[in-house]
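Work through the exercises below with the sequence and the 3D structure at hand. Each task is followed by a worked solution.

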Amino acid sequence: MEDSKRENYIEEFYLDCGFATRSLHAGEHVDQPNGSAHTAPIYQTSTFVFKDSKEGAQLFAGEKSGYIYTRLGNPTAKVLEAKINALEGADVKKQNPNLRVSTLAFSSGMSAIASTLLGILSHSDTLLLGNMVYGATEHLAFNVLNKFAIKCVEVDTCNLAEVEQKMRDNPTAKAIFFETPTNPSLKVSDIQKVSDIVKKINPKIKVIVDNTFATPYLQRPLELGADVVVHSTTKYICGHGTVVGGLMTTFHDDVKDAVYTIIKDIGGSPSPFDTWLVNLGLKTLPIRMEKHCDNALKIAKFLNKHPKVEKVYFPGLANDPFHDLAKKQMKNFGGIVSFELKGGYESGKKLMDSIEIFTLAVSLGSVDSLIQHPASMTHACVPKEKRFKAGINDGLVRVSVGIEDVSDLIKALEKGLLQV
Ligand SMILES: Cc1ncc(COP(=O)(O)O)c(C=O)c1O
């Protein structure tokens, strides 16, 4: 472990444990002194004490492991990073023991995404970008990366023929970045097939998946051919709506080192308290996700039969075009349900103003249910034509289904839909 490179690792002991055991135990005692606290404490400090000038010099020279300054690494962040290694990367490591899985924690999902892309891409490189990524990711690609002459080419990763064509048109593309399932239309891309197609044309390309909607409990892109996984921990990974944070995990040491350089120089490191809260949230990720998924399926089935609902987007429904792929690639179908109201824009707004229990707020993945209307909120600034093309029609509503009693959620929706 050298903090000049922010090393972290999977504790071998946990490789044979199940996901729930790893989410509780992995990382908990990494870099903690003997006889330390049962729950790793919060090292809420900006800087660390050197024993003497020799130790300070050794730490700066990378000749000795230890902590220097929280922007460069902090023991509380390291607990979280080690736990995520075990959750995203244990099976990859079991299949190939020579691989080293590393995670870096960030102050937001966007910081993780921007640092990852800035670490991997250089001037004049090409990035293939999924055509349904989070708005700020798209903005970053076309308004920030473009300043460094990085060419961004949009691609529908659900359409494998298009992936192949765009890759043939850009055979030296350095990276492909996409989300699955997508927001808010819950389209699913085949991670293994997309990886195989692009790597056949450029074996060095880095496949980067934003796994925020699925979490490692439901889907592990590194086991499916991806090279890098990013997360907004703001959502399910923290799970309680208390933190804005991000993560990047990879088994490529050169990617980890390049992205670490960006954190050091740009400063997207997380606060120790936030990483502590995220680590706490992770301990209940498996049981939370099971309940989110269970409730979401019941709500999707209810909405699917409702006379005021035109269409439901949820890969857990047997009639959803992405059902079979989601079943193959994911452990369960997730906790986000989107649906289109027959009454359009005004109905969407009326439902927002009348619904009970569901909190009217953007974001997702919290233990309690949230609701939003993309056309008047998150996607209001997207030109109508582009919004419609992405399937975000005026009556679309997105629900982040929480872990409440599902009968209460269905009653609230039933009552709210009477008003539209
Ligand atoms: C899929 C996805 N990726 C990334 C982000 C950005 O994360 P953050 O808000 O933590 O910066 C979001 C935020 O909503 C998101 O939904």
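The model used here is predicted.

**Exercise 1. The shell around the ligand**

Task: Sort the residues around the ligand by class, and name those that come nearest.

Solution. Step 1: sort the shell by class, which gives five nonpolar, seven polar and two charged residues. Step 2: look for the nearest of the 14 residues around the ligand; these are Ser108, Gly109, Met110, Ser232 and Thr234.

**Exercise 2. The chain as a whole**

Task: Find how many helices and strands the protein chain has, and decide how its radius of gyration fits the globule rule.

Solution. Step 1: count the elements; the protein chain contains 15 helices and 12 strands. Step 2: compare the radius of gyration, 22 Å, with the 22 Å that the globule rule gives for 420 residues; the two are close, so the chain is as compact as a globular protein of that length. Step 3: take the extent along the principal axes, where the C-alpha atoms fill a box of roughly 75 × 50 × 35 Å. Step 4: turn to burial; 52% of the 420 residues are buried. Step 5: consider contacts between residues at least 6 apart in sequence, of which 75% join residues at least 24 apart.

**Exercise 3. The largest nonpolar core**

Task: Locate the largest nonpolar core and explain where it lies relative to the two domains.

Solution. Step 1: the core has 115 residues, and Leu127, Ile176, Ala296 and Val337 have the most contacts inside it. Step 2: ask which element gives the largest share; helix H3 (residues 75-95) does, with nine residues. Step 3: check the domains; domain 1 (12-282) and domain 2 (285-418) both contribute residues, so the core lies between them. Step 4: take Val337 as an example and leave out residues up to four places away in sequence; the residues that Val337 touches include Ala296, Ile299, Leu303, Phe314 and Val401.

**Exercise 4. Helix H10**

Task: Decide whether helix H10 (residues 272-282) is largely enclosed or open, and find what its buried residues pack against.

Solution. Step 1: count the buried residues; nine of the 11 in H10 are buried, so the helix is largely enclosed by the rest of the structure. Step 2: name some of them; among them are Pro272, Asp274, Trp276, Leu277 and Leu282. Step 3: find the partners of these buried residues, which are helix H1 (19-25), H3, strand E1 (102-106) and helix H11 (285-304).

**Exercise 5. Unusual backbone angles**

Task: In the loop between strand E4 (175-179) and helix H7 (191-201), examine the peptide bond before Pro181 and the one before Pro184, then the phi of Leu186. Do the last step for Asp31 too.

Solution. Step 1: the bond from Thr180 to Pro181 is cis, with omega near -10 degrees. Step 2: the bond joining Asn183 and Pro184 is also cis, with omega about -5 degrees. Step 3: Leu186, in this loop as well, has a positive phi near 55 degrees and is not a glycine. Step 4: Leu186 has 26 other C-beta atoms within 10 Å; the cut-off for a buried residue is 20 or more, so Leu186 is buried. Step 5: Asp31 sits in the loop between H1 and helix H2 (53-61), and its phi is positive at about 60 degrees although it is not a glycine. Step 6: with 21 other C-beta atoms within 10 Å, Asp31 is buried.

Key
Residues numbered from 1 in each chain as written. Predicted model: local features only at pLDDT ≥ 70, side-chain atom pairs only at ≥ 80, totals over all residues. Core = buried A, V, L, I, M, F, W, Y, C linked by C-beta atoms within 7 Å. Buried ≥ 20, exposed ≤ 12 C-beta atoms within 10 Å, placed from the backbone. Helix = DSSP H or I, 4+ residues; strand = E, 2+ residues; numbered from the N terminus. Domains from an automatic or database assignment. Contact = placed C-beta atoms within 7 Å. Near = placed C-beta within 6 Å. Nonpolar A, V, L, I, M, F, W, Y, C, P; charged D, E, K, R; others polar. Rg over C-alpha atoms; globule rule 2.2 N^0.38 Å.
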